[in-house]
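Visitor: I would like to learn how to read empty space, backbone geometry and cysteines in a model such as this one. Could we take these features in turn?

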Amino acid sequence: MKGAENQILVIFGASGDLTKRKLIPALYSLEIQGLLPEKFAIIGVSRSPMTDDLFRESLKTGVNEFSDEKNQERINEFLQKVYYQSIDAQDADSFIDLKEKLAGLQNSLNIPANTIFYLSTPPSLYGIIPQHLAKIDLNDQSAGWKRIIIEKPFGYDLQSAIELNSSLQKDWLESQIYRIDHYLGKETVQNVLVTRFTNGIFEPLWNRNFVHHVEITSAESLGVEKRGGYYEGSGALRDMIQNHLLQIVGLMAMEPPASMHSDAIRNETVKVLQSIRAYTPEEITRSAIRGQYVASTIKGEKIKGYREEVGVNPDSKTETYAALKFYIDNWRWGGVPFYIRTGKKLPTRVTEAVIHFKPTPHYLFANKSNGETHNQLVIRIQPDEGILLKFGMKTPGAGFEVQTVNMDFHYSDLSIARIPEAYERLLLDCMTGDSTLYARADAVLAAWNFLDPVLNEWKNNPCIPVYGYPAGTWGPERADDLIEEPSMTWRYPCKNLSDDGIYCEL
């Protein structure tokens, strides 16, 4: 990886939780590893008046709490690179103060005009801040490059995503825009590419001739907590599937890229998203299941249902669970169903992708099998990151009793290796100009194009139910019917990669 040029990072929304919990600790970790540029500064931007020293003190607790390295001398040294500027993001004139702050630091620290603007703000400002920056030429690359990082969600639906994209591209080049999805920064998501394209035993089987179906799960054991008001305007489909899970689908299903250049990789993932077969209204009813967790009792503790959470409409139809079945219409995946699901208040927190291989054409040991009769390759993204291969083995003793066994690798087995936080990788990539793990405009719009009919049908068709599921279970039973073959069902993962079971620790 090439080194990062000297630069300044500007964080809008610097007083928010993301800055304290993720961004500053990630930057401190990069500092500890010697990966930050030799000359580097951070400007936190928010509305509240504050001095540089007060801002540094407000960040110090977050670095201590969320970083592995807690050397106070190193933390204090790192925080001397942090500065603060108070502006009103809605007021174009106040951006002059930011421009002056930037120019002052560039001169005093001898840093060129290379600048990243990170929008850790409410989505309502995603179109406004870039416009204000452009009005005072802070998008100009004649003296040094300029890049802008935008958090999810990128739009609320297809139309709003198109409008936001058009607004940004009036003043910024596509090469300057980095749409961040922290899932793509996870080590095991990136390892999908290595697993597929480095190992000759996998790639020849990675197609419709050998794969029965593909399953991707992202489960959370928590509910909406105190974010009910926000979640009411989002829901599981927008919050998780439109960005995180469809991006993983793109990596799982893509063709081999011509090179490891960012454009080559992103070209292939876009083709996947553009090849997803569009739903008809009738198919949405059958193949897109939504659910909502209801009250239950777990270990003697009464758990609230979603409609009882603070800020939630008592008659809400917002889904806290979504499961989809769809097809990718291309030569590699024609006829192979993809199943994706996500939900809150499920039995455990886990994200994984599973390749279910076809069973043998004639199974000689059908009456002797104990468990599954087809192989599975499980790529665990979090927690207990690793890879698991499930296959049949003969049980020792007389006869031919067969049981399913596991061959697994856990990242934790690499005792000398540290798994970096996603934001570490993504921030460093932007600093070096590598956009591989950032979503491109056409990919975002392709994902919305696929999901928009589902959102509209759920909104406008009162006949489509919202299935209730008790908190602490694996979602509504109706979702099990998506996988139509009676001998197959969803995988029920537990916290530990090698464990399977319907009942996991909540």
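Guide: Let us begin with the pocket, bearing in mind that this is a predicted model. The residues that line the largest pocket divide into 16 nonpolar, ten polar and 15 charged.

Visitor: How is such empty space found, and what is the volume of the largest pocket?

Guide: In general, rolling a probe the size of a water molecule over the atoms shows where empty space is left. Here the largest pocket has a volume of about 1,700 Å³, and its lining is made up of 41 residues, with Leu18, Arg21, Lys22, His182 and Tyr423 lying nearest the centre. Two or more lining residues come from each of helix H1 (17–32), helix H7 (187–198), strand E7 (211–219), helix H9 (236–253), strand E15 (376–382) and helix H12 (422–432).

Visitor: Which element gives the largest share of that lining?

Guide: That is H1, which contributes four residues.

Visitor: What should I look for in the backbone angles?

Guide: The general expectation is that most residues other than glycine have a negative phi, and that most peptide bonds are trans. Against that background, the bond joining lysine 152 and proline 153 is cis, with omega about 5°, and proline 153 sits in the loop between strand E5 (146–150) and helix H6 (158–169). A cis peptide bond also leads from glutamine 382 to proline 383, where omega is near -20°; proline 383 belongs to the loop between E15 and strand E16 (386–394).

Visitor: Where do residues other than glycine have a positive phi?

Guide: One of them is asparagine 110, whose phi is about 55°, in the loop that runs between helix H4 (95–109) and strand E4 (115–119). Another is aspartate 137, with phi near 65°, which is found in the loop between helix H5 (128–135) and E5.

Visitor: Is asparagine 110 buried or exposed?

Guide: Asparagine 110 has a relative accessible area of 51% and is therefore exposed, since the cut-off for that class is over 50%.

Visitor: Finally, how many disulfides does a search of the whole structure find?

Guide: As a general idea, a disulfide is a covalent bond between the sulfur atoms of two cysteines. In this model the search of the whole structure finds zero disulfides. Taking two cysteines as cases, cysteine 430 counts as buried because its relative accessibility is 0%, whereas cysteine 463 is exposed, with a relative accessible area of 68%.

Technical notes:
Residues numbered from 1 in each chain as written. Predicted model: local features only at pLDDT ≥ 70, side-chain atom pairs only at ≥ 80, totals over all residues. Heavy atoms only, no water. 1 Å grid on protein atoms, 1.4 Å probe; cavity = no way out; pocket = protein on both sides within 12 Å on 5 of 7 lines; lining within 4 Å. Points joined across faces, edges and corners; volume = space filled by probe spheres on them. Nonpolar A, V, L, I, M, F, W, Y, C, P; charged D, E, K, R; others polar. Buried < 20%, exposed > 50% of the residue type's maximum accessible area, 1.4 Å probe, protein only. Disulfide = S-S within 2.5 Å.
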